[in-house]
Amino acid sequence: MASGAGSKIAVYSLSDLKNTTDDALPNYLNSLKFKQSHYLSDVRLALGYSAVAIAGGTFYFDYTLGFEKTKGYTLWAVILYFILNSVFTYWIWAVERGTVYVGEWRGTQVKLQSHVKKHTPVYDLAVQYKPPKASSKAGSEWKRVETSAPFNTWFSADGAFVAKRFQQWLATEIPVIGQADPASAGKASNESSSVDVQLNALRATELAGLDAAAHGDKSKKSNKKGRSPR
Amino acid sequence: MLSAISGMQPRQLAAQVLNFALVLSTAFMLWKGLSVATDSPSPIVVVLSGSMEPAFQRGDLLFLWNRARNTQIGEVVVYNVRGKDIPIVHRVVRKFGGGIKPLRLLTKGDNNLADDTELYARGQDYLDRAADVIGSVKGYIPFVGYVTILISEHPWLKTVIFGLMGAVVVLQRE
Amino acid sequence: MHSTLVRAQNVFGFFTTVAFIVGALVAVTGYFSLPSDGNSLDVSVDLKNVQVARGRPHYYSSKREEYAQIRFDLDADLSPLFTWNTKQVFLYIMASYPPSVSSASRDSKKKGSSPSPNPGPSNAIIYDKIITSRDEAHLELRNQRSKYQITDISGRIANRHNATLEVAWNVQPWVGALTWGTSSEGRSKAFAFPALKSTGAGGGGAATATKKKNVAGEQTMGSAAPAA
């Protein structure tokens, strides 16, 4: 469910954690003046509702005309319904693939996909972005950034979602968002509270490619790849 | 609960409602698919009376097949009394006709002393296989249909269950 | 598990899955344990006596129709039909005879690919028994009176030829598919329904052409009706 600021969720429910995070992402990006594209969800809704419409029509005609008269049409309606349903399922599984946001900001197009591995409280985010054509280049390609963080980065122990931490994480990890929200990106590296020390440590291990977050590995690596603009 | 709904954006709400609608639609279309496959308007029925005991008890679920129009004596058929919407599940005890002549059947419940002549419409002595019978029992699962008996005897249960289902599917995001 | 509700849901879901699988296993194994060929069962039926008299379907009906009362011998051993999935066996004996060829062709629902244009044999159950356990599966009936007095749909059953008694059964499982069976040995020799017994005042004097010995006057047709 979409939770407002301050409302708590069950900390043990992975789906709640993921959904709350997924809901916060578009809110945050749109507040940064990202323009969201609803293409994917529109197609999904169209597919789904047309299947429902077929079912509704079948129900109506069966109810008013009876079984014998509508037998032939019902057969085709059932076949068509399950074809549409398969397409719908395929759409969600193969095309959407966990996409939570598609949009653009100042010419850069972005696609964000989130994923949570079963029984692991880690949020995996894959971002593809395509900067606008620079005058010198022939065209620009999609770049891909993958990052993860455990949910306790932006969830307190009793289940409250801390938007600021989430935004800081996003701004530091993803170049486009960092450009759009330099305040959050900058803040994260300047503060030195103990929570942020841990945050930095975790980020460091992730940047180095180790998935040691869940195992509490806190070895600091000094060679951060300088991707995010400061 | 309402605040959770109002917090959603329209597309999100539409997606949630769609989930619920898809659950209902898929269940309905599966039922219709089974109905067309078995060629019976009601391919699964619940036993309502004890007239076929000890074979069938109240609450048992029966699976019908209506494509074998050449019903044999000894089969258990489900038929509608002409003019009424009451389906009855009884065994065929007499069979006449067939081929180009209409197949006429007389039925009787195992647990009844008399045959079904009194149950048929006025002036009707035999069932017409093509017109009255909606299927022949081919398979059976005990007990599981008892829920529908409860619902039909306490109609408010239906609203309660429906409402619960709706609330759960719309508000949960599994 | 993050809440009692989810725990309850999971337990219930697991329960139904297990119940479903067990039920499916019982149904499948039970079905394949049944004898595949009905002829392997030991059944035989013999006609002992048949009489036809006038009667009414119900005490309040004004129709007068001919009813046949049959006496028979039955030997049956149905124990192979009792598997762990057998709830009951419904044994029935039917009289089967070819229908009369009537010139009045009625409203025929001619289906495009019907197997045969001729109507099949007419059948009527004269006796049935519900057997619920293997111990009761051995039947030996002598000169058993039929439970039901039968008539033809036309109301006339006297003088019909080429009739036989056949034994058949219906196995009702605890869960799964219902099966029917019959045995080629469970068929009596062909017989004919005799002419109508005259209801003359002279008890037993009328020379009615009954095939077998006349059992002491059983004029019970009239009001008793098939509601045995």
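**The contact between chains B and C, and a sheet in chain C**

In this predicted model, the contact between the two chains draws on 28 residues from chain B and 37 residues from chain C. On the side of chain B that touches chain C, the elements that give two or more residues are strand 4 (87–98), strand 5 (101–108) and strand 7 (133–141) of chain B. Strand 4 of chain B supplies the largest share of this side, namely 6 residues. When the residues on the side of chain B that touches chain C are divided by character, 15 are nonpolar, 6 are polar and 7 are charged.

Strand 4 of chain B also takes part in pairing across the two chains, where 2 bridges link it in the antiparallel sense to strand 4 (residues 122–131) of chain C. Within strand 4 of chain C, the residue that stands opposite B:Arg94 is C:Ala124.

Chain C also holds an open sheet of 3 strands, which are arranged in the order 1-2-5 with antiparallel pairing. Strand 1 (42–55) and strand 5 (138–145) of chain C each have a single partner strand and stand at the edges, so one side of each is left without a neighbour in the sheet. From one strand to the next, the twist averages 20°. Strand 1 of chain C runs antiparallel to strand 2 (residues 65–77) of chain C, and the two are joined by 13 bridges. In strand 2 of chain C, C:Ala76 is the residue that stands opposite C:Val43.

Conventions:
Residues are numbered from 1 along each chain as its sequence is written. Chains are lettered from A and ligands numbered from 1 in the order in which they are written. This is a predicted model: local features need pLDDT of at least 70, side-chain atom pairs count only at pLDDT 80 or more; totals for chains, interfaces and linings use all residues. Two residues are in contact if their C-beta atoms, placed from the backbone, lie within 7 Å. Helices (H or I, at least four residues) and strands (E, at least two) are DSSP runs, numbered from the N terminus. Ala, Val, Leu, Ile, Met, Phe, Trp, Tyr, Cys and Pro count as nonpolar, Asp, Glu, Lys and Arg as charged, and the others, Gly among them, as polar. Two strands pair if DSSP finds at least two bridges between them. Axes are lines fitted to C-alpha atoms, for helices over the stretch in contact, and angles run from 0 to 180 degrees between N-to-C directions.
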